[in-house]
Amino acid sequence: MISKEKKQKILQDLLSNIKKARAIYFTNIQGVPVSDLNELRKQLNIVNAEAHVYKKTLLNLAFVQNGFGGGLADTLLGSVLVNFAWEDPIAVAKTLSSFASKKEPFILLGGFLDGQEINSDTIKELATIPAKEILLGRLVGSLKLPLSRLVRALNTPSQKLVLALNAVVKIK
């Protein structure tokens, strides 16, 4: 049995984590071996995220105190692992989705992204988004394309003029 002081400390840590996290994902870990969960925690550390197990009553209380509304404990089924994304929510979603596809009893339940509630389908959609570097490359390419077409269009008349002058010089 956990003392009231210990529960208060856990609640304060949970409140702090909820405020700091850019995204929070809930997963059902019932039936998942501890060794697999340790592997998941290592993968989450790589993408600057953490995973913790909390009692559902403490989770519900913490989310109500942070203004996310009640009834959270009713929607979370089984043993719940709370995943906090500190920097890149998409990288964490990719890690969790990949892990869920490999480990059968592991189930994505939903979560919160930038204060908005999301479901498991949204987490799977986030996991399909390309990496930040790829998206930036695509943006640069799409910005560069109209400019390169403009340069080509402006160069075409001058190239034709030079070709015509060269032809005249060769004839004379």
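**Notebook: helix H2 and its neighbours**

I began with helix H2, residues 34-46, whose 13 residues reach 19 Å from the first C-alpha to the last, close to the 18 Å expected at 1.5 Å a residue. I keep in mind throughout that this is a predicted model.

Next I looked up which residues of H2 are buried, and I found Asp36, Leu37, Leu40 and Leu44. Looking down the axis of H2, I saw that its buried residues fall within an arc of 100 degrees, so they line one face of the helix. I noted beside this that an α-helix has 3.6 residues a turn, so residues three or four places apart point the same way. On the other side of H2 I listed Val34, Ser35, Lys42, Asn45 and Ile46 as exposed.

What covers the buried residues of H2? I found that the cover includes two strands, E2 (49-53) and E3 (80-85), together with helix H5 (89-102). Before leaving this helix I also checked the residue Asn48, which comes just after H2 and takes a positive phi of about 60 degrees.

I then turned to the pairing of H2 with H5, where the two axes come within 10 Å and cross at roughly 155 degrees. An angle over 145 degrees counts as roughly antiparallel, and H2 and H5 are therefore roughly antiparallel to each other. The crossing in which H2 passes H5 is right-handed. For the contact itself I wrote down Asp36, Glu39, Leu40, Gln43 and Leu44 from H2, and Val92, Thr95, Leu96 and Phe99 from H5. Among these, Asp36, Leu40 and Leu44 are residues that I had already entered as buried.

Staying with H5, I looked at its meeting with helix H6, residues 120-127, and found that the axes of H5 and H6 come within 8 Å and cross at roughly 105 degrees. Since angles of 65 to 115 degrees count as roughly perpendicular, H5 and H6 are therefore roughly perpendicular to each other. On the H5 side the residues are Ile90, Ala93, Lys94 and Ser97, and they meet Ile123, Lys124, Leu126 and Ala127 of H6.

My last entry concerns Pro89, whose place is in helix H5. Is Pro89 buried or exposed? I found a relative accessible area of 8% for Pro89, and because buried means under 20%, Pro89 is buried. Leaving out residues up to four places away in sequence, I found that Pro89 touches Arg22, Ala23, Tyr25 and Leu113. I also noted that the C-alpha atoms of Pro89 and Ala127 are separated by 9.3 Å, although the two residues are 38 residues apart along the chain.

Technical notes. Residues numbered from 1 in each chain as written. Predicted model: local features only at pLDDT ≥ 70, side-chain atom pairs only at ≥ 80, totals over all residues. Heavy atoms only, no water. Helix = DSSP H or I, 4+ residues; strand = E, 2+ residues; numbered from the N terminus. Expected span 1.5 Å × (residues − 1). Buried < 20%, exposed > 50% of the residue type's maximum accessible area, 1.4 Å probe, protein only. Arc of directions from axis to C-beta. Contact = heavy atoms within 4.5 Å. Axes fitted to C-alpha atoms, helices over the stretch in contact; angles between N-to-C directions. Parallel < 35°, antiparallel > 145°, perpendicular 65-115°, else oblique. Left-handed = near helix turned anticlockwise from the far one by under 90°.
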